[in-house]
Amino acid sequence: MKVASRRKSLTAGKRSIRKYIPLYLLALPGLVYLFINNYMPLPGLVLSFKNYNVRKGIWGSDWAGLENFKYLFATEDAWIITRNTILYNLAFIVVNTVGAIVVAIILSELTSKIKNVYQSVILFPHLISTVIISYIVFAFLSSDNGFINNTILRALGKEGISWYTEKGYWPFILIFISAWKSIGYQCIIYLATLLGFDKGYYEAAEIDGATFWQKITKITLPLLKPTIIMLTLMAVGRIFYSDFGLFYQVPQNSGALFPVTNTIDTYVYRGLLEAGNISMSAAAGFYQSIVGFVLILAANLLVRKFDKDSALF
């Protein structure tokens, strides 16, 4: 009996595997990409603890211990780059999430033809290279030929602003550009979730006399909560990373703006341009990955404490 049951289970297992072969084939390119891009480089993490020498190679280079990690905290800039990286990412998470949810709700109320047009228009900034965005921003903010100085401020009778030397404006500029570039992509995820909701909830709410705002607060947002938490947790995991192009290309690498545009990524890049030390760059990446992993665990535990169903694991 046991042998017969085992044979049946093996036969059923083979049938299920054959049944899902098309799905496995569809997933194969993504899995290969993840393996090559995310897992094959893992042995290279040892560079973080070595004084890398091209002639000696990764494994033959001299051991350095934690010396490479001291680079990130050896100067007075350590606090500035850490502060900028964390605060900007927190602002991006809040602004982009709220903006994406608002846009997704608005799109869900539109007709199908108009919705497709607006989806394409909103998504377009996400597809533009950061280098091109930096030139677009420069066309607006240039001191000599910029649209804002020569058109808007001149029409108001005000003097032009030297945007690339005035650091006070740039936290708002960078947050705005990040929102403009990211909201279109994020709203698609929320919109796909919204379209999967059972319309019966909204029909019942209308029968009970619920207003549009009440339907959003009592139905839409509670149903969106798992998606919001999942995307937020993933964003928290990269809170020690920054969009390199946004903080390096868009401000035109202006030294006057370093106090508000310098992050861990740009700081390491500039350090590599001067020192050319690959081990220091590896140490920075390792540090950011470990901290991101710890933050994901901490945030997930916090969510799990209050709502187990919304936690990632």
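Modeller: A quick definition before we start on this predicted model: helices and strands here are DSSP runs, at least four residues for a helix and at least two for a strand, numbered from the N terminus.

Biologist: Fine. How many helices and strands does the protein chain have?

Modeller: Counting those runs along the protein chain gives two strands. The rest of the tally is helical, and the number of helices is 15.

Biologist: What is the radius of gyration of the protein chain, next to that of a compact globule?

Modeller: For 313 residues, a compact globule would come out near 20 Å. The C-alpha atoms here fill a box of roughly 80 × 65 × 35 Å along the principal axes. The protein chain's own radius of gyration is 25 Å.

Biologist: And what share of the residues is buried?

Modeller: Buried means under 20% relative accessible area. Of the 313 residues in the protein chain, the share meeting that is 36%.

Biologist: How much of the exposed area do carbon and sulfur atoms supply?

Modeller: The protein chain exposes about 19800 Å². Of that area, carbon and sulfur supply 66%.

Biologist: How far apart do the centres of the positive and negative side chains lie?

Modeller: There are 28 positive side chains and 17 negative ones. The centres of these two sets are separated by 17 Å.

Biologist: Now Leu42: why does it count as partly exposed?

Modeller: Leu42 sits in the loop between α2 (21-39) and β1 (50-53). Partly exposed covers the range between under 20% and over 50%. Leu42 falls in that class because its relative accessibility is 43%.

Biologist: What separates the C-alpha atoms of Leu42 and Phe286?

Modeller: Along the chain, the two are 244 residues apart. In space, their C-alpha atoms are separated by 10.0 Å.

Definitions and conventions
Residues numbered from 1 in each chain as written. Predicted model: local features only at pLDDT ≥ 70, side-chain atom pairs only at ≥ 80, totals over all residues. Heavy atoms only, no water. Rg over C-alpha atoms; globule rule 2.2 N^0.38 Å. Buried < 20%, exposed > 50% of the residue type's maximum accessible area, 1.4 Å probe, protein only. Areas by Shrake-Rupley, 256 points an atom, 1.4 Å probe, with all protein chains shown as cover. Lys, Arg positive; Asp, Glu negative; His and termini not counted. Charge placed at Lys NZ, Arg CZ, Asp CG, Glu CD.
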